[in-house]
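The following note is offered to a colleague who is beginning to read protein structures. Please keep the sequence and the model open beside the text while working through the points.

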Amino acid sequence: MRNLLEIQKQLLPDLMETLKRRYTILHQIMLSDIIGRRTLAASLDMTERVLRAETDLLKSQGLIEIESVGMRVSDAGRRLLDLLEPIAKSLFGLDDLEEKIRTTYGLNKVIVVPGDCETSPFTKRELGRAGAKALLGVLRSDDTIAVTGGSTLAEMADQLTPPLSLSYKNAWVVPARGGLGESMEIQANTIASKMAKRIGANYRLLHVPDLLSEDAYQSLALDANIGEIVQIIRRSRIIVHGIGDAIEMTRRRKLDETTVSEIQEEGAVAESFGYYFNEEGQVVHTMLTMGLRLEDIIRTDVVVGIAGGKRKAKAIHAMLRFGQEDILVTDEAAAVEIGKEIDNQIQAVL
């Protein structure tokens, strides 16, 4: 199949562009459940006139249904998307990019979804769906999973739908750390409870702030209930985490200007688990938080990183250099930039 695609790309490049465009339109409609033409055109950076011609053709083929409230994918359209999914990555050239990142950093698996989640909510939804699929691929019936917060992890929780034949009633989902004081929907506690309910697992919550003073940390460490939950968190077999831009995370944590300046001067570009990493993947700043420690992350069986967007590429690259990721789920925009970083490293060696 891949050889056939390569032949078609060389002999019929216009046909391949048409195939990519129509696949993207159909896939975006599927992710949206139902969507208006104007909204879809804006998200795809396509004129309504061009989109109307494409959707009229898709409708004539019975692949979409057009109603007064918007467009939706038909059953025939879903079946076609299922058939196209195995070749979609080759179609967009993403399989080579996945393998390039995987082999460079010794990952078990890399999943790259088309698009840029910074500019398209549909790409973020697909990122969440891919993350959910990756998690289910490694999840055992009695596992403990620790999850961080963030909008991408929240999307992943929404997309988590396990096969009916599998039971996770003996599994546990727990937050990897305390709360950041943000919107409840993207808190680690909320995501952990939602994930547990989606897969029929158990969950425990950690009702403490993410950022603690030394006195508060020592006091909470002595609390028996909190100590019990923290021990469960630290025994997790799977960690699923987002990756943040370092400076953006200082703002989300509402850190004082002195601390922000220190983190900048230390060269931090990425944040995860309350640790700040420089471009080489070295920890340069640590926040006092209740939850996962660096040694817990290092000895965890499966670490799944989920993040996308061109602006986050440098942060994702730093986490790859940290060297503890087993599975990376990202989008095309970030993966292309990471690929450039890899090329730059190779050139520097040569």
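**Notes on the model**

1. At the start of helix 7, a side-chain oxygen of S120 comes to within 3.2 Å of the backbone nitrogen of F122. Please note that the model is predicted.

2. Helix 7 covers residues 121-138, and its length can be checked. At 1.5 Å a residue, its 18 residues should span 26 Å, and the C-alpha atoms at its ends are 26 Å apart, which agrees. Many positions may be inspected here: the buried residues of helix 7 include F122, E126, A130 and L135. As background, an α-helix has 3.6 residues a turn, so residues three or four places apart point the same way.

3. The parallel sheet deserves attention next. Its 7 strands form an open sheet in the order 3-13-12-7-4-5-6. Strand 3 (109-113) and strand 6 (202-203) stand at the edges with a single partner strand each, so one side of each has no neighbour in the sheet. Strand 3 pairs with strand 13 (residues 327-331) in the parallel sense over 5 bridges, and V110 has L328 in strand 13 as its bridge partner.

4. A helix also lies across this sheet. Helix 9 (residues 188-199) crosses strand 4 (144-147), strand 5 (172-175) and strand 6, and runs at about 170° to strand 5.

5. Strands 9, 10 and 11 show the antiparallel sense. Strand 9 (residues 268-272) pairs with strand 10 (residues 275-278) over 4 bridges in this sense, with E271 opposite Y276. The hairpin of these two strands has 2 residues between the strands, and F273 there takes a positive phi near 65°. Strand 10 is also joined to strand 11 (residues 283-286), again antiparallel, by 3 bridges; the bridge partner of Y275 in strand 11 is T286. This hairpin has 4 residues between its strands, and G281 in the turn has a positive phi of about 80°.

6. Which way do the side chains of strand 10 point? Y275 and F277 point one way, Y276 and N278 the other way, and all are buried. In a regular strand the side chains alternate between the two faces of the sheet.

7. Finally, the nonpolar cores should be considered. The largest has 65 residues, and I29, L40, I101, L206, I316 and L320 have the most contacts inside it. A second, separate core of 33 residues includes L136, A157, A196 and I327. Leaving aside neighbours within four places in sequence, L40 is in contact with I25, Q28, I29, I35, L51 and M71. In soluble globular proteins, nonpolar side chains tend to be buried together.

Terms used
Residues numbered from 1 in each chain as written. Predicted model: local features only at pLDDT ≥ 70, side-chain atom pairs only at ≥ 80, totals over all residues. Heavy atoms only, no water. Pairing = 2+ DSSP bridges. Contact = heavy atoms within 4.5 Å. Axes fitted to C-alpha atoms, helices over the stretch in contact; angles between N-to-C directions. Core = buried A, V, L, I, M, F, W, Y, C linked by side-chain atoms within 4.5 Å. Buried < 20%, exposed > 50% of the residue type's maximum accessible area, 1.4 Å probe, protein only. Expected span 1.5 Å × (residues − 1). Polar contact = N/O pair within 3.5 Å; in protein donor to acceptor, adjacent residues only side chain to side chain.
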